[in-house]
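Open the model in your viewer and keep the sequence panel beside it. The tour goes from one selection to the next and says what is found at each stop.

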Amino acid sequence: MQAPLLELRDLTVRLGGESGPAVLDQLSFNAAPGEILGIVGESGAGKSVTGAAILRVMTHPLRQTAGEIRFEGVRIDTLPEAQMQRLRGGSIAMIFQDPLTALNPVFTIGQQLVQTIRHHLPLSATEARQRAAQLLREVGIPSAEERLSSYPHEFSGGMRQRVVIALALAGEPRLIVADEPTTALDVSIQAQIIALLVALTRKRGMGVILITHDMGVIAEAADRVAVLYAGRLAELGSVAEVLRRPRHPYAQGLIAAIPRIGAGLEMLPQIPGTMPRVDALPTGCAFHPRCERVMPVCRRERPDPMPRGAGTLAACWLEEGA
Ligand code: SF4
């Protein structure tokens with residue numbers, strides 16, 4: 001059987017070290033080639049830490065204390081840093097939230113693209129420049145040849161994010177980790193960038209880990225979704241199934257809060273309360289203080305992700321009859 005493109009097994013990241021509070025706690029999921037896997041949750045759910053852990057760019061005091069990460073069957077969380085550097089920006093690329101800070105303001109787009117292409121691919125300067133123009137065309141930038149001489153500030157926000165996507169493609173990645181790639185953009189531009197990401201994923205057969213706080217973005221773009229809460233997996237399943245019949249009350253709350261065209265002007269439902277701090281997690285199910293369906297067992301025992309039919313996993317005691 002073909003190994004998954006990306007595999008996380010019981011990934012645990014703590015603040016400080018072995019005895020520190022868990023920011024990610026026994027997180028497991030797979031991603032396949034050509035698949036967009038959405039990771040969704042509120043601030044503090046552990047979404048961005050998951051992306052940083054995959055690329056091994058976590059900063060102190062975050063530290064992976066357990067679990068493993070495999071890319072195309074090879075364990076990468078224990079690779080020597082020199083090997084990891086070759087993977088980063090090459091086979092595994094990252095798209096950040098703010099395109100302005102992701103680009104160097106003192107170099108032209110062409111210089112940045114050519115440098116990145118030549119770092120990862122054995123091409124001459126001329127070939128790399130042709131490849132750079134081709135990438136700009138692929139991400140929908142008009143007059144690609146001329147725009148190679150432009151600086152980042154000469155592009156609009158949406159065009160800058162297209163350039164960032166071109167940079168991510170420069171090393172011919174097989175996996176892209178996109179951390180809130182549309183959050184800094186106007187709503188109308190967001191839809192274009194999401195459509196571009198989906199089209200590139202299908203065309204190139206890459207895998208994409210799409211990190212977002214916005215369930216609407218997941219509904220538009222992702223094939224499967226992992227809903228995180230307090231660093232733990234709350235629900236995992238196909239987007240169609242999770243949107244149609246979310247099993248976990250937290251996923252139900254996120255989906256109920258998606259604005260719908262044609263709906264009345266009434267207030268969208270809210271999930272009461274806030275995400276707990278990682279150093280002050282409640283016992284049992286971390287969501288129990290906010291859950292309208294809390295049962296005595298929820299306060300005592302932590303539910304592991306359990307199969308709930310149609311390929312869905314949910315970490316919730318409901319349907320267990322507990
Ligand atoms: Fe709610 Fe209990 Fe399920 Fe947690 S385990 S989401 S508290 S019903």
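Is glycine 90 buried or exposed? Select glycine 90 and show the surface around it. Glycine 90 has a relative accessible area of 4%, so it is buried, since buried means under 20%. Keep in mind that this is a predicted model.

**Stop 1: around glycine 90**

Glycine 90 sits in the loop that runs between α2 (81-87) and β6. Now add His120, Gly171, Glu172 and Pro173 to the selection: glycine 90 is in contact with these residues, leaving aside its neighbours within four places in sequence. For a sense of distance, select methionine 215 as well. From C-alpha to C-alpha, glycine 90 and methionine 215 are 29 Å apart in space, and 125 residues separate them in sequence.

One of the contacts of glycine 90 is Glu172, so stay with that residue for a moment. Glutamate 172 belongs to the loop between α7 and β7 (175-179). Its phi is near 55°, which is a positive value in a residue other than glycine. Glutamate 172 is partly exposed, with a relative accessible area of 32%.

**Stop 2: the largest pocket**

Next, select Gly89, Met94, Phe96, Thr116 and Leu167. Of the 20 residues lining the largest pocket, these are the closest to its centre. The pocket holds about 530 Å³ of space.

Which elements each supply at least two residues of this lining? Colour β6 (92-95), α4 (109-120) and α7 (157-169) to see them. Among the contributors, α4 gives the most, with five residues. Sorted by class, the lining has eleven nonpolar, eight polar and one charged residue.

**Stop 3: two serines**

Select serine 150, in the loop between α6 (144-147) and α7. With a relative accessible area of 9%, serine 150 is buried. Show Thr108, Ile109 and Phe155 too: apart from neighbours within four places in sequence, these are the residues in contact with serine 150.

Then move to serine 143, which is found in the loop between α5 (125-138) and α6. Serine 143 is partly exposed, and its relative accessible area is 43%. Check its backbone angle: phi is near 50°, a positive value in a residue other than glycine.

**Stop 4: a cis peptide bond**

Select histidine 60 and proline 61 and display the backbone. The peptide bond that joins histidine 60 and proline 61 is cis, with omega about 10°. Proline 61 lies in the loop between α1 (47-55) and β4 (62-71).

**Stop 5: helix α11**

Select residues 249-256, which make up helix α11. Why is α11 described as largely enclosed by the rest of the structure? Six of its eight residues are buried, so the rest of the structure largely encloses it. The buried residues are Pro249, Tyr250, Ala251, Gly253, Leu254 and Ile255. To see what they pack against, colour β3 (36-40), α9 (215-221), β9 (224-229), β10 (232-238) and α10 (239-244).

Now add glutamine 270, in the loop between α11 and α12 (296-300). Glutamine 270 is exposed, with a relative accessible area of 66%. Glutamine 270 and glycine 253 are 17 residues apart in sequence, and their C-alpha atoms are 7.0 Å apart in space.

**Stop 6: the ligand and its cavity**

Last, select the ligand. Which residues surround the ligand? They are His248, Pro249, Cys285, Phe287, His288, Cys291, Arg293, Cys298, Cys316, Trp317 and Leu318. This shell divides into eight nonpolar, two polar and one charged residue. Pro249 in the shell is also one of the buried residues of α11.

The ligand takes up the space of the largest cavity. A search of the whole structure finds one cavity of 30 Å³ or more, and the largest cavity contains about 80 Å³ of space. To find its centre, highlight Pro249, Cys285, Cys291, Cys298 and Cys316, which lie nearest to it among the 13 lining residues. By class, ten of the lining residues are nonpolar, two are polar and one is charged.

Note on methods. Residues numbered from 1 in each chain as written. Predicted model: local features only at pLDDT ≥ 70, side-chain atom pairs only at ≥ 80, totals over all residues. Heavy atoms only, no water. Near = heavy atom within 4 Å. 1 Å grid on protein atoms, 1.4 Å probe; cavity = no way out; pocket = protein on both sides within 12 Å on 5 of 7 lines; lining within 4 Å. Sits in = over half its atoms within 2 Å of the grid points. Nonpolar A, V, L, I, M, F, W, Y, C, P; charged D, E, K, R; others polar. Points joined across faces, edges and corners; volume = space filled by probe spheres on them. Helix = DSSP H or I, 4+ residues; strand = E, 2+ residues; numbered from the N terminus. Buried < 20%, exposed > 50% of the residue type's maximum accessible area, 1.4 Å probe, protein only. Contact = heavy atoms within 4.5 Å.
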